[in-house]
Amino acid sequence: MITFFLSVALLLLGYFLYSKLIERIIGVDPKRETPATTMADGVDYVPMKPWRIYLIQFLNIAGVGPICGAIMGAQFGTASFLWIVFGSIFAGAVHDFIAGFISLRHKGCSLPEIHGRYLGNGAKQIMRGFTVILMILVGAVFVNTPAVLLNNNFTTDWNIFIWVIIIFAYYLIATLVPIDKLIGKIYPVFGLLLLLMAVFIFCAFFKDGVHLPELWDGMENRHPDAAHNPIFPMMFISIACGAISGFHATQSPLMARCMTNEKQSRPIFYGAMITEGIVALIWAAAASYFFGPESTVDTAGKGGPAMVGLIANTWFAPAIATICILGVIAAAITSGDTALRSARLIVADFLNFDQKPIGKRLLIAVPIFVVTAGILVYSLMDPKGFDIIWRYFAWANQVLATVTLWALTIFFVWKTAETGKHRLAYLITLIPALFMTMVTSSFLFVAEKEGLGSVLPRSAGYAIGAAITVVTFILFLLWKKKRGSHIPQGEA
């Protein structure tokens with residue numbers, strides 16, 4: 001367990017040390033007014049207590065990603081521990097913190113508006129459509145997962161579409177009502193439930209005397225189909241929400257519209273991601289035991305949701321196992337509804353629609369829900385539908401994170417030009433931006449089912465990914481040399 005405890009310690013050090021450095025560089029100002037106080041509308045701009053915002057942010061960004069994603073990533077071996085730790089500290093938490101802070105500084109603007117500020121109007125228009133599509137995919141995935149879990153574990157004699165209709169109806173209500181009336185009241189409770197579930201798993205390590213793998217046991221690829229699933233880039237796509245996820249930055253503006261002090265941004269944005277990293281680490285550790293040679297449980301062919309039930313029912317009494325399964329269900333549902341809420345707000349920003357009248361909220365929400373319903377029906381009717389949607393969601397999620405990291409790099413360049421301080425601050429986001437560019441581009445040419453890996457030699461796939469990354473880096477250097485000091489008014 002030494003590797004596990006060292007990993008937890010590093011995540012905590014990342015929060016207490018690295019996030020403070022970033023806070024100082026970006027210039028958090030506790031005296032500056034926030035959108036929650038200057039633009040309060042009783043619907044989306046609603047001041048809330050910091051602890052509530054933290055738990056809502058944690059629950060919104062968590063979903064089933066740090067659970068199912070971590071479980072799937074654990075199949076690759078102990079390398080998954082390293083990605084969760086260093087990905088969370090240097091990529092995911094940085095991504096969430098700075099994107100949330102920029103939104104806080106710019107009237108709680110949605111993520112595509114941030115892209116537009118730093119990457120140009122063309123990028124903004126593309127990312128508006130791309131992000132709304134991703135939010136719809138999240139909504140579909142996070143109706144499917146809880147519906148399947150509820151039906152399989154509690155109502156095996158029901159038609160699954162009964163749960164689909166119930167969850168979908170709830171999503172519509174949660175998307176439309178003021179954020180403090182439903183999300184602000186019950187989501188902190190669900191957030192605590194998700195944390196309690198992780199604590200149960202953690203305690204089971206000691207109760208059952210579980211032997212967890214160590215780094216020095218070897219970091220070879222232990223995936224059951226390792227020949228067709230190389231660690232790079234497949235593991236980095238599988239473990240998204242537990243390390244870095246573009247979806248997170250779509251949720252940060254929701255909370256930026258509720259914060260009353262800029263000092264809250266570090267614990268709410270960076271802190272929630274570190275908490276998610278710890279949850280992902282716990283589930284990855286648990287899964288690594290069940291996938292390992294000491295386990296006598298058959299895990300063949302079991303995906304993330306099935307493994308949740310297997311772990312819970314193997315280690316715990318029925319009551320605690322039920323709590324764990326309900327925690328996963330709550331995590332999925334509460335990310336799905338806020339994803340669709342984000343889609344509504346992104347479209348509203350684009351159309352400049354006032355969202356105070358419920359009629360205008362419905363005008364945007366109904367078409368979004370119709371498209372989501374169509375994708376959802378496909379995912380349930382086609383035996384391979386869910387797997388296809390999940391793969392598109394996972395890759396699109398990491399592409400969004402990559403684009404956001406590049407936008408944040410421009411932010412740092414302009415911040416340095418404006419203040420004359422911290423001239424190398426842009427490296428904070430440039431390094432993870434380059435890494436994620438390599439991950440997402442090589443995936444297209446290495447993955448055999450989702451990309452061109454079945455027709456291209458793997459070495460060629462890596463070479464193309466590397467070439468795209470190098471070209472992107474050169475374009476950034478050319479921009480920085482020619483235009484890096486030309487700051488549009490009010491953008492830095």
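Counted by class, the residues that line the largest cavity are five nonpolar, four polar and one charged. Since this is a predicted model, the tour that follows describes what can be selected in the prediction.

To see that lining, select G108, S110, L111, T250, P253, L254, R257, S342, L345 and I346, which together line the largest cavity. Two elements, α11 (246-256) and α14 (318-351), each give two or more residues to this lining, and colouring these two helices separately will help in following them. The space they border has a volume of about 60 Å³, and it belongs to a set of two cavities of 30 Å³ or more that a search of the whole structure finds.

Turn next to the aromatic rings, of which the structure holds 33 pairs. Select Y15 and F16, whose ring centres are 5.1 Å apart and whose planes meet at 75°, so that the pair is edge-to-face; planes count as edge-to-face when they are over 60 degrees apart. Y15 counts as buried because its relative accessibility is 15%, whereas F16, at 48% relative accessibility, counts as partly exposed.

While Y15 is still selected, add R266, whose charged end sits over the ring of Y15 at 4.6 Å from the ring centre.

From there, move to F205 and W315, another aromatic pair that is edge-to-face, with 6.0 Å from centre to centre and 85° between the planes. F205 lies in helix α9 (residues 183-207) and W315 in helix α13 (residues 304-315), so this pair ties together parts that are 110 residues apart in sequence. Are F205 and W315 buried or exposed, and what can be seen when their surroundings are hidden? F205 is buried, and W315 is buried as well.

Widen the selection now to F4, F5, F202, F205, F206, Y289, F290 and W315, which form one aromatic cluster, so that the pair just visited can be viewed among the other members of that cluster, including Y289 and F290.

The last stop is helix α18, which covers residues 458-483 and has 26 residues. How far does α18 reach from its first C-alpha to its last? The helix reaches 37 Å, which is close to the 38 Å expected at 1.5 Å a residue. Within α18, select G461, G465, T469, F476 and W479, which are buried. An α-helix has 3.6 residues a turn, so residues three or four places apart point the same way, and that rule is a useful guide when looking along the helix axis.

Technical notes. Residues are numbered from 1 along each chain as its sequence is written. This is a predicted model: local features need pLDDT of at least 70, side-chain atom pairs count only at pLDDT 80 or more; totals for chains, interfaces and linings use all residues. Side-chain values use heavy atoms; hydrogens and water are left out. Rings of Phe, Tyr and Trp (its six-membered ring) pair if their centres lie within 6.5 Å; planes under 30 degrees apart count as stacked, over 60 as edge-to-face and the rest as tilted. Buried means under 20% relative accessible area, exposed over 50%, partly exposed in between (1.4 Å probe, protein chains only). Helices (H or I, at least four residues) and strands (E, at least two) are DSSP runs, numbered from the N terminus. A charge sits over a ring if NZ of Lys or CZ of Arg is within 6 Å of the ring centre and within 35 degrees of the ring normal. On a 1 Å grid over the protein atoms alone, a cavity is a set of points where a 1.4 Å probe fits but cannot get out, and a pocket is an open set with protein on both sides within 12 Å along at least five of seven lines; lining residues have an atom within 4 Å of a point. Grid points are joined across faces, edges and corners, and a volume is the space filled by probe spheres set on the points. Ala, Val, Leu, Ile, Met, Phe, Trp, Tyr, Cys and Pro count as nonpolar, Asp, Glu, Lys and Arg as charged, and the others, Gly among them, as polar. The expected span of a helix is 1.5 Å times one less than its number of residues.
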